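Biologist: I should like to learn how to read a protein model that is new to me. Please show me where to begin.

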Amino acid sequence: MCRRRNPVRLLAETSASHDHAVGASNGRERERARNVLEIGTSSGEARLLRGKELTSRLREDIAQSAHTLTLRGGASPLLVTILVGSNPSAEAYRTSIVRTLHTVSIQHRGLTLPAETTKSTLIETLHELNGDSQVTGILVLMPLPEHISPDTVLEFLSPLKDVDGITPTNAGRLHLGLPSLRPSTPQGGIELLDHYGIPIAGARIAVIGRSNVVGRPLASLLTRRHATVTLCHRQTRDLSGITREADIVAVAAGHPGLVTGDMLKAGSTVLDFGVNIVDGKVVGDANPESIGAVAAAYSPTPGGTGPVTAIVLARNTIAAGYAALSGDLDHVVDVLPDCH
Ligand SMILES: NC(=O)c1ccc[n+]([C@@H]2O[C@H](COP(=O)([O-])OP(=O)(O)OC[C@H]3O[C@@H](n4cnc5c(N)ncnc54)[C@H](OP(=O)(O)O)[C@@H]3O)[C@@H](O)[C@H]2O)c1
């Protein structure tokens with residue numbers, strides 16, 4: 001289970017706040033125990049793993065961490081999002097980020113560059129933002145226009161401002177178990193499982209999707225948490241055979257209705273990261289009616305993993321502020337939970 005170092009470390013700085021921290025932590029243990037109990041006593045109705053409760057709790061932690069950052073002389077956190085061209089899903093994602101940042105008083109600056117922006121202009125923009133001490137975090141929204149490879153971002157974004165953990169430095173450090181800025185979606189998914197007391201250590205977990213932002217880092221993080229992970233993709237043979245053996249099925253494929261009840265072991269958990277628009281409605285990668293009859297718990301779409309991603313991104317912006325203060329990634333653990 002993630003050990004959350006931050007509140008204790010931060011609150012230990014003022015003894016008056018310490019009792020509050022202990023009380024809060026006991027409250028969270030009670031909340032987690034209640035969640036475990038409710039899952040264990042489920043009467044055939046699958047439990048919904050909603051992101052809302054967890055995001056409210058994380059908001060409190062973020063406010064404390066932001067306060068401590070400024071007390072230590074750090075810049076007031078500012079996230080810059082860059083959109084090149086126009087894309088409805090990227091714009092919707094930016095809107096939800098802005099809304100979430102607002103709830104935790106983190107500043108946002110949105111840069112929208114024209115679709116014909118050249119690779120060298122994007123590199124110049126990244127250089128400028130990398131060197132701007134007012135900017136704590138940078139997120140380049142995907143997809144980029146076809147003439148700019150996403151690798152450009154990996155190569156030229158400063159790892160200290162890489163709030164979605166995509167640069168080779170952060171990805172490599174994550175795989176090695178070193179402190180890093182972790183991709184917000186898989187990190188949030190793990191914290192959602194923890195919040196509901198769903199055991200990870202020793203569990204068999206099928207991860208469907210192997211992208212660098214969701215599936216692959218998720219598999220790495222889960223492995224570090226002692227799960228036995230099978231990473232699946234389009235060429236995986238007998239996907240259902242693998243998912244039917246899994247205690248947890250995590251899906252990030254961008255394929256609506258991919259996971260159905262007949263692919264699950266009774267009593268398993270489904271963590272659905274998919275965000276798809278079907279007939280004007282947002283749906284996940286799992287079919288809720290079908291999985292709800294077999295699984296013990298699943299994250300609904302919308303309302304499951306999505307809100308957690310945005311709040312973890314906000315927390316990463318603060319963590320990047322700590323990285324800027326110290327000039328390295330080792331201090332991001334002052335803000336992030338220790339999941340290794
Ligand atoms: N909840 C959130 O906060 C959040 C955040 C980010 C993304 N998302 C959503 O998560 C989904 C995945 O995003 P992504 O960026 O990871 O997508 P991606 O880069 O397109 O990767 C999709 C992955 O799924 C695999 N896949 C697709 N269809 C499959 C199938 N039928 N069977 C098995 N594997 C299949 C692909 O396999 P191959 O490698 O073989 O092609 C690929 O590895 C999207 O719906 C996206 O909108 C949600």
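Modeller: The dialogue that follows takes up the overall make-up, the core, the ligand shell, one helix and one loop residue. Please keep in mind that this model is predicted.

Biologist: How many helices and strands does the protein have?

Modeller: There are 12 helices and 11 strands. Of the 340 residues in the protein, 47% are buried. Among contacts between residues at least 6 apart in sequence, 71% join residues at least 24 apart.

Biologist: Which residues have the most contacts inside the largest nonpolar core?

Modeller: In soluble globular proteins, nonpolar side chains tend to be buried together. Here the largest nonpolar core has 92 residues, and those with the most contacts inside it are Ile205, Val207, Val249, Ala250, Val251, Ala319 and Val332. Helix 12, residues 305-326, gives the largest share of this core, 12 residues.

Biologist: Where does this core lie with respect to domain 1 and domain 2?

Modeller: The core lies between them, because domain 1 (1-197 + 305-340) and domain 2 (198-303) both give residues to it. Val251 serves as an example: leaving aside neighbours within four places in sequence, this valine is in contact with Ile208, Gly209, Leu258, Val259, Asp272, Phe273, Gly274, Asp285 and Ala286.

Biologist: Which residues come nearest to the ligand?

Modeller: The ligand has 26 residues around it, of which Gly209, Ser211, His233, Arg234 and Thr309 come nearest. By class, this shell has 10 nonpolar, 14 polar and two charged residues. Domain 1 and domain 2 each supply at least three residues to the shell. Helix 12 gives the largest share, three residues.

Biologist: Helix 12 has now appeared in both the core and the shell. Is helix 12 largely enclosed or largely open?

Modeller: A residue is buried if 20 or more other C-beta atoms lie within 10 Å of its own. In helix 12, 20 of the 22 residues are buried, so the helix is largely enclosed by the rest of the structure. From its first C-alpha to its last, helix 12 reaches 31 Å, close to the 32 Å expected at 1.5 Å a residue. Just after helix 12, glycine 327 takes a positive phi of about 80°.

Biologist: Is leucine 157 buried or exposed?

Modeller: Leucine 157 lies in the loop between helix 6 (151-156) and helix 7 (168-176). The residue counts as buried because it has 25 C-beta neighbours inside 10 Å. Not counting residues up to four places away in sequence, leucine 157 touches Leu126, Ile138, Asp162 and Thr167. Histidine 127 is 30 residues from leucine 157 in sequence, and their C-alpha atoms are 7.6 Å apart in space.

Methods: Residues numbered from 1 in each chain as written. Predicted model: local features only at pLDDT ≥ 70, side-chain atom pairs only at ≥ 80, totals over all residues. Helix = DSSP H or I, 4+ residues; strand = E, 2+ residues; numbered from the N terminus. Buried ≥ 20, exposed ≤ 12 C-beta atoms within 10 Å, placed from the backbone. Contact = placed C-beta atoms within 7 Å. Core = buried A, V, L, I, M, F, W, Y, C linked by C-beta atoms within 7 Å. Domains from an automatic or database assignment. Near = placed C-beta within 6 Å. Nonpolar A, V, L, I, M, F, W, Y, C, P; charged D, E, K, R; others polar. Expected span 1.5 Å × (residues − 1).
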